[in-house]
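Thanks for coming. I will go through one model today, part by part, and you can follow along on the screen.

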Amino acid sequence: SKVNVRETSIYTTSVNVVYIHPPCALPSRHFLPRVSTNMFHTVPRTGHKAFNLQHCLQKELSSKNEVHNKLRSSKNASIGGGRRAKHTYSVSVSWTRVPEDLDIEKLADKIMEKKNVRPTDPVANALSVGSSRAKATRATSDPADNKRWGALFGDPDWNTRQQITRKRSYSSSDGQFLRRKGHLKEQDKLIEFMIELHRTHSSLEVMQKMERWVLEHHKDIHRSQLRRLVPTIGRMYHPLPLQEALATYDEFAHITQRLYVPPNFAEIRHILNIAQLRASSSTLELITFDADGTLYEDGCHFEEDNRMIDLLTCLLARGIHVGIVTAAGYPGEAHKYEQRLAGLLAQFKAQKLPPHLCSRFHIMGGECNYLLRIREDYRLEFVDDDLWVTPKLHFKEEDVEQLLNDGQRVLVDACNRLRVPHMLIRKSKAVGVVPTEPTIYEVLEELCLSVQMQVQSNIPFCAFNGGNDVFVDVGNKRLGIDAMKQYVGAQSNTSLHVGDRFTETGNDSASRTSASILWVANPQETSFFVKMLLEDIHRHRATPYIE
């Protein structure tokens, strides 16, 4: 009945009212607050008046014409306690007749799409694909620069990419995928510390200090200044060229040109990623990837047109071992892993990938419990345990059973406490719950943290929030990556793990102690940084080191 209107100037402000008129009266919960809220939120926030439509919306809601006429006659409605308005407000009414079986939420989404509501994330807005600003920039900047950044953000054929790697100049471009993930998915003490430094330092000053502190921490992990400032920080296997990374990122993000808004979490994460791949590219021997949310979207499988297939092939051709470390555990069922990677294996077969390249591709399942490789017929097979299992992976059966029982008990109790309908899944080395009704991310976080806080075990385990479920796995990715390093002959300072869940409730966080990391938000970011990594590898190998 009362709509808040932000009064800006002497000009007329247009207010759109959307009213859902069903065949029969709907309960109040069926109205569309999302629609009305977003519409009125688009009015600039300067000044405040109460726009009273109470006298227009009478009990006779069933009479469309009567309400419509009253709303039309209310354009000179009273504002702020009955005083006449200084400005005119035109009220346009949109009537939509709704069938009884129509999904109201889908209708709201359609209405919002017609309104062309833009994302509120400044990073997504600044780097949105196809934006008018990006088009204008492309029209006025160096075509060669645009070609290079277009390759990084887009997906041209690899021959074009190889030509682009020879040019190192940059320009503005788009990257819709470089966006924020949400507060609970953005938790990291080091990044939060760097954001806090921006209160008193410029971005360049922050990167200068951090580069110096990281170098000191790399030399002495226990007595470094960075360890005192961020007590939870772990080992860093390389000095990080953060100033160079800032300059690279600034060429299309322009964060150093801001006067009042410091970099956000995602932007600091991007700069750290660029610095890390710069540091790792010259000595890289093993790169491992998470699967869901990193190589392909959550809940999907590897399709034949996945842009990452060519990039993974290029890494293999550079002599780098490539591994996929996933929580999915299918003991004795290699065909289920083949289903998840069907598009990748089909492309390897279509390209007739040589056996010596296939031998560099590995899959670690169940965090650390199953290792698979590609056969000559491009099918998957399990690697014999005697060839790769480390002493730390020899778990006693009674300890495994006790862990799974305790994890199951805590998960079920937490679901009952939070009244979450769920389906219980029990495997030989994992147990988890999948909500059967839509729930919010905070509930999954509560389930995961309940296990982490209440379960104690004699063996390592990983309780993680998968985004749509919560699982407790025997072992963790640290053990899996360590086993894969031993299997291929790599070291921690020559290994790199790429994942999307490095928070306290993510299953990638354990990998920090085994290898350097790249933290991505989606497969598009993975593609972007792997292309940049391949550029650096090409540059290092094309320019031999001379002492």
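In β13, which residue is the bridge partner of Gly432? It is Phe471. Before I go on from there, please keep in mind that this is a predicted model.

Let me place that pair. Gly432 has its bridge partner in β13, and the two strands concerned are β11, residues 430–435, and β13, residues 470–474. They run antiparallel and are joined by four bridges. Both belong to an open sheet of four strands, and if you read across it the order is β10-β11-β13-β12. The pairing in this sheet is antiparallel. At the edges stand β10, residues 422–426, and β12, residues 461–465. Each has a single partner strand, so one side of each is left without a neighbour in the sheet. On average, neighbouring strands here are turned by 15° against each other, if direction is ignored.

There is also a helix on this part. Helix α18, residues 441–454, lies across β11, β12 and β13. Relative to β12, α18 runs at about 165°.

Now the other sheet I want to show. This one is open as well, with seven strands in the order β9-β8-β7-β6-β5-β14-β15, and its pairing is mixed. Which strands are at its edges? They are β9, at 380–382, and β15, at 516–519, and each of them pairs on one side only. The average turn between neighbouring strands of this sheet is 25°, again ignoring direction.

Within it, look at β7, residues 361–365, and β8, residues 370–374. They run antiparallel, with four bridges between them. One residue to find is Met364, whose bridge partner in β8 is Leu371. Helix α19, residues 477–488, packs on this sheet. It touches β5, β6, β7, β8 and β14, and its direction makes about 150° with that of β7.

Next, the spaces. The largest pocket holds about 900 Å³. How many residues line it? The answer is 30, and those nearest its centre are Asp188, Thr232, Gly234, Arg512 and Ile517. At least two lining residues come from each of α8, α12 and β15. Sorted by class, the lining has 13 nonpolar, 10 polar and seven charged residues.

The structure also holds two cavities of 30 Å³ or more. The second largest has a volume of about 30 Å³. Its lining consists of Ala291, Tyr296, Ile324, Thr326, Tyr337, Arg340, Leu341 and Ile363. Of these, six are nonpolar, one is polar and one is charged.

Last, the aromatic rings. The count comes to 11 aromatic pairs. Take Phe193 and Trp213: why is this pair called tilted? Their ring centres are 6.1 Å apart and their planes stand at 40°, so the pair is tilted. The two residues are 20 apart in the chain, and the pair links distant parts of it. Phe193 sits in helix α8, residues 189–197, and Trp213 in helix α9, residues 203–219. You have met α8 already, as one of the elements that supply residues to the lining of the largest pocket.

That is the end of my part.

Methods: Residues numbered from 1 in each chain as written. Predicted model: local features only at pLDDT ≥ 70, side-chain atom pairs only at ≥ 80, totals over all residues. Heavy atoms only, no water. Pairing = 2+ DSSP bridges. Axes fitted to C-alpha atoms, helices over the stretch in contact; angles between N-to-C directions. Contact = heavy atoms within 4.5 Å. 1 Å grid on protein atoms, 1.4 Å probe; cavity = no way out; pocket = protein on both sides within 12 Å on 5 of 7 lines; lining within 4 Å. Points joined across faces, edges and corners; volume = space filled by probe spheres on them. Nonpolar A, V, L, I, M, F, W, Y, C, P; charged D, E, K, R; others polar. Phe/Tyr/Trp six-rings, centres within 6.5 Å; stacked < 30°, edge-to-face > 60°.
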